[in-house]
Structure formats: structure tokens, C-alpha cells
Amino acid sequence: MPKGTLEVLLVGCKGLEDADFLDGIDPYVVLTYRTQEQKSSVSSSVQLQDLNLNGTETFVFTIGDDVSELTLKIMDKDAFTNDDYLGEATVPLEPLFIEGSLSSNSIQCC
């Protein structure tokens, strides 16, 4: 497995389900590679008609062991209760190491 850094560009999420009863959702993504965990910014009050996480953020991970996948967990930020789980995707990294990049269409959630 290659050693070095992995740069992840999070562009957004489409078609998120509404986890809140009255308000819109406040989604964010937790990216995990082995013991390294990073969180995206929270998109405030995404309303029912626009269930998308918008915004571009970059995350950098140090790679170099036998872990060959990146996990992205989509959450809904709640003020007074535990955050709601919206979905998860696991991205295998081996094709990235072979091809040099991954198509954004290759990552599906839930």
C-alpha cells in the first residue's frame, strides 16, 4: 500500500432525507481513515425543498498502513439531543492507488 497523504475534496451530498420533524436539517460529514477523524462544517437549516449539503471542503489524511478504505458518515446536527445519523459510505482506496483518482459518481451513500 502506498504511503503519503490522501487529500479528499468534499463537494456536497444530494437527496438527503429529513431527520427533523419541524425544522430543516443541519447536515455535516464525519470522514474517518483508521484512527484519523475529521468533520466538515455544518450546513445550517437545509429546508425540505433543498435536501443537499453544499459547500466545498478539503481534508488531508496521512496514509501508510494496511487500511484501504475511507468512511464518510453523514449526520444531522441537533441542538438539544444527540445528532441524527443520515447515512454512510465506505470508499475503497485501492482503485485510487491503481488509477490515480476516483470518479465522484463512484461514491454512493446509504
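Where does R34 lie in this chain? R34 sits in the loop between β2 and β3, and we will come back to this residue once the strands around the loop are in place. The model you are looking at is predicted, so local features need pLDDT of at least 70 and side-chain atom pairs count only at pLDDT 80 or more, while totals for chains, interfaces and linings use all residues. Residues are numbered from 1 along each chain as its sequence is written, and side-chain values use heavy atoms, with hydrogens and water left out.

Let us begin with the overall plan. The chain contains six strands and one helix; both are DSSP runs numbered from the N terminus, with H or I over at least four residues for helices and E over at least two for strands. Walking from the N terminus, you meet the elements in the order β-β-β-β-β-β-α. Of the 110 residues in the chain, 34% are buried. Here buried means under 20% relative accessible area, exposed means over 50%, and partly exposed lies in between, using a 1.4 Å probe and protein chains only. The accessible surface comes to about 7,200 Å², and carbon and sulfur atoms hold 47% of it; such areas come from the Shrake-Rupley method with a 1.4 Å probe, and for residues only the protein chains shown count as cover. Contacts, meaning heavy atoms within 4.5 Å, often link distant parts of the sequence: among those with a separation of 6 or more, 57% join residues 24 or more positions apart.

Now look at the sheet. Four strands make an open sheet in the order β3-β2-β5-β6, with antiparallel pairing. Two strands pair if DSSP finds at least two bridges between them. At the edges are β3 and β6, each of which pairs on one side only. From one strand to the next, the twist averages 20°; the axes are lines fitted to C-alpha atoms (for helices over the stretch in contact), and angles between N-to-C directions run from 0 to 180 degrees.

Strand β2 (residues 27-33) is a good place to pause, with six of its seven residues buried. Six bridges join β2 to the antiparallel strand β5 (residues 69-76), and V29 stands opposite I74 there. Four bridges join β2 to β3, again in the antiparallel sense. Across that pairing, V30 faces K39 and L31 faces Q38.

This brings us back to R34. The hairpin of β2 and β3 has two residues between the strands, and R34 takes a positive phi near 55° in it. This positive value belongs to a residue other than glycine. R34 counts as exposed because its relative accessibility is 52%.

Just past β3, the picture changes. S40 lies in the loop between β3 (36-39) and β4 (53-63). S40 counts as buried because its relative accessible area is 8%. Its side chain reaches the backbone nitrogen of V29 at 2.8 Å. Leaving out residues up to four places away in sequence, S40 touches L10, Y28, V29, E57 and F59.

What about the nonpolar side chains? In soluble globular proteins, such side chains tend to be buried together. A nonpolar core is a set of buried Ala, Val, Leu, Ile, Met, Phe, Trp, Tyr and Cys residues joined through side-chain atoms within 4.5 Å. The largest one here has 17 residues, of which L6, V8, L31, F61 and L70 touch the most other members. Two or more residues come from each of β1 (4-13), β2, β4, β5 and β6 (84-92). V8 is in contact with L31, E57, T58, F59, F61 and L70, leaving aside its neighbours within four places in sequence.

Finally, visit the loop between β5 and β6, where A79 is found. A79 counts as exposed because its relative accessible area is 70%. Although A79 and D26 are 53 residues apart in sequence, their C-alpha atoms are 9.9 Å apart in space.

Note on methods: Polar contact = N/O pair within 3.5 Å; in protein donor to acceptor, adjacent residues only side chain to side chain.
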